[in-house]
Amino acid sequence: MRARLVRSSHIVRPPTGKGRVSRGNLWLDNTVRFLERCRSGGNVEEYFLNLLNDLKKNVDYADIRVLEEFGEEIQMKNGEVNFVNTRDRGYGIRVLHKGSWGFASSSTFGAEQVRRVATTATEIAAASGTLKRQSAALSEAEPRVDSCRTAVVKDPFKVPPDDKVGLLVECSRIMRRHKAVKVAEGSIESREITKVFLNTEGSHIEQRTVVTGGGISCRTRSGGEIQTRSLYDYAVRGFEFIDSMNLLKESERLAREAIELLSAPECPSGTTDLLLGGSQLALQIHESCGHPIELDRVLGAEAGFYGTSFLTLDKLGSFRYGSDDVTITADATLPGGLGSFAYDDEGVSGQRTVIVERGIFKGYLTSRETACAIGQKSNGSMRASSWSCIPLIRMTNINLEPGEWTLEELIRDTRKGILMDSTKSWSIDDKRLNFQFGCESAWQIERGKLVRLLKNPVYTGITPQFWRSCDAVCNSEEWRIWGVPNCGKGEPTQSIPVGHGVAPARFRDVEVGVRRS
Amino acid sequence: MSEERIREAAKVVLSTSGADQLEVTLLQENQRLTRFANNEIHQNVAHEDVQVRVRAIRGKKIGTAKVNSLNQQRLKWATRKAIDTAPYGVENDYFTSLPSPQRWQPIQAHFPSTEEVSARRRADVVREVVDKARRSRLSAAGALSVRTRRFGVFNSLGVDAYHPSTWVRLTSVVSSQDSSGYSEVGSPDFECVHPARVADESISKCVKGRHPVEVEPGRYDVFLEEYALSEIFNWLAWIGMGARSFQEESSFMYGRIGENIMAEKVTVWDDGADPDTFSLPFDFEGVPRRKVTIVERGVARGVVYDTLTAARGGSISTGHALPPEYSLFGPLPLHLHMAAGPSSKASIISSIEKGVMVTRFHYINGLLKPREALFTGMTRDGTFLIENGKLTTPLKNLRFTESMLRAFTNVAEISKERRVLGGDDFSTFVLPAVWIKDFNFTGRTEF
């Protein structure tokens, strides 16, 4: 079981060291070439390294992120195809000046422009200082000089476009063979992101990340009834990930299920035992654990927009978040996880942190600044969605650790209940307590057997009560990581990829259906 | 970045050979955002970017590429990529041509003084909100956003559309130990943003909201303030007011055109040319945005179209195309208006015997049953019990699960006051407050 949690082998690293940047390393030459692609005159030192040296004289701290992203997205709907290529690059400069933050970013390169952006960041920091209660301070972080990349088996950009389009069109054809299928759609997305991080403490890190994902869905309709079945997933892997999804085979299964749902009985309302399949449990963890453990949110940074958290500082170390069966980790080192990375956007290495240990709340996701508030060092959770945005505390891979059960045993052990899976709708309050989630499909369980398909399943609860009712988690054979490509937070909203490792689990006495009044 | 620079870039794209038709949209954006929380500025940023989208047409196939630079080499890369990938697409039977030039009415939406607002000035505005909250021993959070946008659409058939605009938005959530209050203002002109009013409204809500109590979920009359209605309209637009969802038969409008779907008091339209909003006189295909009536006196009238969905539906584009990467999602109304009623908000509240006033909703989801527009969501930042025409008791937050078709059929009154809300993306709504009878609250939370 633990083998899957060992440090990633997909990240290839040269020897790590501290100190100033040298042009002697092969990997650093790659960095230089990347930066030179971004310039329109002058040299790398002039643009960024010398700039940092100058900034160092005037500010407490500064960092620069330079990013370039290549993307390819193929979207398909009922055989219609939209082929979108993207090339995006820019840089962001973050400055801590007299205890206040400023950040400026631009997609325009050039010596003069870069200096102007740095000046803007410093001026903004000075303006922030006019309305400050306490000075921001950073917890210690060892300067790192490193280079890492995603090792892919099959480079997604080398797979012929015809093959990708052909796969999606064939999926569409299979689903639309059934008359009741009104909409068949799918997508395949590939991104390669090159990111260079430099700071005034001497860190110089280059990371190249390949993200691949996509999926298919179909929608059926009969009268006023609409049903959807879908399968989407994403990973920090190459095109081998798409191959592993068996989309052609899944097309037929999803279409049949979406048709069957049209005539299935409505999910009943009441209190019952609830089994959640992996993809829905991923969302449950995301909304009711992943967001409330973001320490910036806990400290009020999102109060004006996305909200705060019920997991206040007084609860750390003692609050019973869940039952003894619930152990949750944040782990940026899982191979292939969509929330996996070598370094965050403060140059802190990705790591594994225990969040909930046998039901007791033990840890937050932290940044260098917020970690100070609880007397800790950052656990490497600061990321920005692009060069243009300031980094925020974001989920990595937030995982429910596996238990002992097989899914078959769990169903057999359930006298009366409902098994739900595949997210359809999601809503939770601004402290992350009251939630209501809807799923695409459900199965009624009677005397240890799945007896009938149910449509429009919904369940609701209060986060800690829900997790305390968990009495069984399936084992490592059932455990897998789901990729969520679009976790939103911050202003302007930053959409970022995260992962959730889960195995199906059971929750006792959960309210299902919508309360009638 | 000047208009001239944008036009030069468009020329580079349109002079490339290899496609039957070419289209380029250029969106230059400059956003400065000052976020505050715990009575201090904690995130303060500026960013500038330009997004160039190229669509290449080869026969009935379309290729798209996006780049964020006006550098010639990059523009050529995007154009070539769009041209080269077009053949990988599938022939689109409904595609006939990119749009031809059409006349559109320019709107004065760019305020140079707004574009020049400094970080210090933004901090001063935020300080006004924070100082007022501090004096009331409360904690202020929120954001002041100042945006400048230069938007151009050009194609090889002669479409030549350029529109500069500015938008300022100030939001405030003021909190105590057990309550919070929200307010918001938006305008193209920085001088029209009055922080004291924003502060006063959110502080007043927060103070009135102290010591909230629980009520049993159930059916209540509700008075939804403009902010709450805005969250609902976002989802209504998303799931049912565009031609794609209509043609795919998932829209709550599908099969109901000409029928009563809401109360007679309800009229809803989209108008991208309203100068009080973050206006957009043409869409991402360069087609002028028409004023489209979606619901007229409760009767479903129609949805909005782009070129492709118009061809499919035997209609004409209403000028609501989104960027080409969203073409399979289809067109959307981004400037929804709801007609005002005759009564003031105060007089409507005074008519409600028993009900719940909702300032704002949080995390609405409209995917439960799109044909019924069945939504769920939580109240937030100011929920109050109305008894005998008065706000009597602050309430802990409630969850609703309700069909919006049913809710808007039960509209009893609409306020004469309307607010301009949103503007963080392309969308701004102009909405009143409404009294809705018999609204279904299905759950509650602990605060």
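The following exercises, with worked solutions, concern the cavities of a predicted model.

**Exercise 1.** Determine how many cavities of 30 Å³ or more the structure holds, and state the volume of the largest cavity.

*Solution.* Step 1. Counting the cavities of 30 Å³ or more gives six. Step 2. The largest cavity contains about 140 Å³ of space.

**Exercise 2.** Describe the lining of the largest cavity, and explain where this cavity lies with respect to the domains of chain B.

*Solution.* Step 1. The lining consists of 13 residues. Nearest the centre of the cavity are B:Arg55, B:Glu285, B:Asp306, B:Ala321 and B:Ser327. Step 2. Sorted by class, the lining has seven nonpolar, two polar and four charged residues. Step 3. Residues of the lining come from both domain 1 (3-205) and domain 2 (212-444) of chain B; therefore the largest cavity lies between these domains.

**Exercise 3.** Carry out the analysis for the second largest cavity, and identify which element gives the largest share of its lining.

*Solution.* Step 1. The volume of the second largest cavity is about 110 Å³. Step 2. Its lining comprises 13 residues, and those nearest the centre are A:Val81, A:Asn82, B:Ile62, B:Asn92 and B:Ser327. Step 3. Two or more lining residues are given by each of β2 (80-97) of chain A and β3 (61-67) of chain B. With three residues, β2(A) provides the largest share. Step 4. The classes represented are five nonpolar, four polar and four charged residues. Step 5. Because domain 1 (3-205) and domain 2 (212-444) of chain B both give residues to this lining, the second largest cavity lies between them.

Methods
Residues are numbered from 1 along each chain as its sequence is written. Chains are lettered from A and ligands numbered from 1 in the order in which they are written. This is a predicted model: local features need pLDDT of at least 70, side-chain atom pairs count only at pLDDT 80 or more; totals for chains, interfaces and linings use all residues. Side-chain values use heavy atoms; hydrogens and water are left out. On a 1 Å grid over the protein atoms alone, a cavity is a set of points where a 1.4 Å probe fits but cannot get out, and a pocket is an open set with protein on both sides within 12 Å along at least five of seven lines; lining residues have an atom within 4 Å of a point. Grid points are joined across faces, edges and corners, and a volume is the space filled by probe spheres set on the points. Ala, Val, Leu, Ile, Met, Phe, Trp, Tyr, Cys and Pro count as nonpolar, Asp, Glu, Lys and Arg as charged, and the others, Gly among them, as polar. Domain bounds come from an automatic or database domain assignment. Helices (H or I, at least four residues) and strands (E, at least two) are DSSP runs, numbered from the N terminus.
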